[in-house]
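Trainee: I have a structure to read today. Can we go through it in questions and answers?
Mentor: Yes, let us begin.

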Amino acid sequence: MRSDVYLVRKVARAKWEPRAPLAEAEIGADAVTADLRTADNALSFWTCAAVDLGELDEVVLAIAAASDRPDKLDLVWIDQESVERDGVALRASEGRTPVHGLRHRHVDAVGLDLTRLGTLARHVAEAIRGKGQWRRLSKNEVMKALKKAVKSNRLALPDLAAALGREVQRGLAQE
Amino acid sequence: MRVFGAELAEAIRRLRESLPKLSRAEGLSQTAEASTASCTRLFPVKVPSLEGRSTPAMVAQPEADRLLEVLSGDPLEDGVSHPADGILQDLILEKADAVAIWMGALLRRGRDASLVAAMIKCLGRLDPCKVPEWGVPYLEEALRRADIEVRDAAVQALELWATPASFATLRRHRDPVPWLQEYVQRLLREVDDRG
């Protein structure tokens, strides 16, 4: 794995805000159980190069196109090298997105036990609270990314979930 | 007949003022009978659409329980449809006034902020033309809650409705958490840019 890569994941930003009665530095279990839900002891991430956070737009597209409704999107990114150094194993896998050209940008954090999941949670919390490594896209921005991808033939409307496709189509018609 | 906004706002205000007086036994888990008694006591304002039917709490309780069960079992995720979306939509179409009362109690007394936030997000997923008239005032009240997840969900719901009333509500809001306030400002800039 390259060292200058970030692992990106969709979260719900508000869940990671420090909240009483927990202390400032503590991580609420609700944030972990909601945003870091594992399947087969693995957790899905998209990758993007650290040197060019414009690449984050590609992850936005990959995730938004795989959605079934256009909502705002909160993304967090954590340093891949640090995560691996802390004992979390990564395995490349094909991402679930209708944008074919982005599927290779997906990895799974695998073999997660409670300790490793806690490690990932700490990375996510530090990224959000201490490093500003998160970004919120409004519904409007998500729609813009999808419309742009359709217009440039990177994404086909029929490949989107039905309701999302209709909304993108409506948005394109209004332009 | 429908409940006018001012009457509902007044009813909500009365409910808020009266809640501390209620005993714990009259909480969200109360029986339908206790709910009925509470609502009758707390809502001297007539709710014409409910006359001749069961009282609001009795009407809504089973569906409300189902809604909470569905949301508790499977967390609601941005960008992903949820079974609760349809349940709440049907419930509001059939019994908007009863849902107003029940959701008002949930907002003020619900102990699980994440669950309340999920319910608000669900509400935000309603087609804007199907939003009941208590919708925007309800979200305005949600914006005043202490828990950021609840406020954030209210911001998102207002964003999704994207009506003049919802943006006016956002314009009045001042959030104590900088990133959420910044997001509200960004949404309003988007609206202004679109003209």
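Trainee: What percentage of the 195 residues in chain B do buried residues make up?
Mentor: Buried means under 20% relative accessible area, exposed means over 50%, and partly exposed lies in between (1.4 Å probe, protein chains only). Take chain B, with its 195 residues. The buried share of chain B comes to 56%.

Trainee: Where do these values come from?
Mentor: This is a predicted model: local features need pLDDT of at least 70, side-chain atom pairs count only at pLDDT 80 or more, and totals for chains, interfaces and linings use all residues. Residues are numbered from 1 along each chain as its sequence is written, chains are lettered from A and ligands numbered from 1 in the order in which they are written, and side-chain values use heavy atoms, with hydrogens and water left out.

Trainee: How many helices and strands does chain B have?
Mentor: Helices (H or I, at least four residues) and strands (E, at least two) are DSSP runs, numbered from the N terminus. Reading chain B from that end gives α-α-α-α-α-α-α-α-α. The count is 9 helices and 0 strands.

Trainee: Which helix gives the most to the largest nonpolar core?
Mentor: A nonpolar core is a set of buried Ala, Val, Leu, Ile, Met, Phe, Trp, Tyr and Cys residues joined through side-chain atoms within 4.5 Å. The largest one has 77 residues, and A:W16, A:L120 and B:I120 are among those with the most contacts inside it. With 12 residues, the top contributor to this core is helix α4 (residues 83-109) of chain B.

Trainee: How many residues are in the other core?
Mentor: That core lies apart from the largest one. Its members include A:Y6, A:W46, A:V60 and A:L75. The core has 28 residues.

Trainee: How many disulfides are there over all chains?
Mentor: A disulfide is a pair of cysteine sulfur atoms within 2.5 Å. Take B:C129: its closest cysteine sulfur, in B:C122, is 17 Å away, too far for a bond. B:C129 is exposed, at 65% relative accessible area. Over all chains, the number of disulfides is 0.

Trainee: Which peptide bond is cis, with omega near 5 degrees?
Mentor: Most residues other than glycine have a negative phi, and most peptide bonds are trans. Look in the loop between β1 (5-11) and α1 (29-35) of chain A, where A:P21 lies. The cis bond runs from A:A20 to A:P21.

Trainee: What is the phi of A:N41?
Mentor: A:N41 sits in the loop between α1 and β2 (43-49) of chain A. A:N41 is partly exposed, at 46% relative accessibility. Although A:N41 is not a glycine, its phi is positive, at about 55 degrees.

Trainee: How much area is buried between chain B and chain A?
Mentor: Buried area is the accessible area (1.4 Å probe) that two parts lose on being put together, summed over both. The contact (heavy atoms within 4.5 Å) takes 26 residues from chain B and 21 residues from chain A. Carbon and sulfur atoms give 44% of the buried area, which is about 2200 Å².

Trainee: Which three residues supply 25% of the area that chain B buries against chain A?
Mentor: Look for the trio that supplies more than any other three residues. They are B:D78, B:G79 and B:W179.

Trainee: Why does the salt bridge of B:D78 and A:K72 join two chains?
Mentor: A salt bridge is a side-chain nitrogen of Lys or Arg within 4 Å of a carboxyl oxygen of Asp or Glu. B:D78 and A:K72 meet at 2.6 Å, N to O. B:D78 is buried at 6% relative accessible area, and A:K72 is buried at 2%. B:D78 lies in the loop between α3 (56-73) and α4 of chain B, and A:K72 in the loop between α2 (56-65) and β3 (73-79) of chain A, so the pair joins two chains.

Trainee: How many salt bridges are there between chain B and chain A?
Mentor: The structure holds 32 over all chains. One pair across the two chains is A:K10 and B:E77, at 3.0 Å, N to O. Between chain B and chain A, the count is 10.
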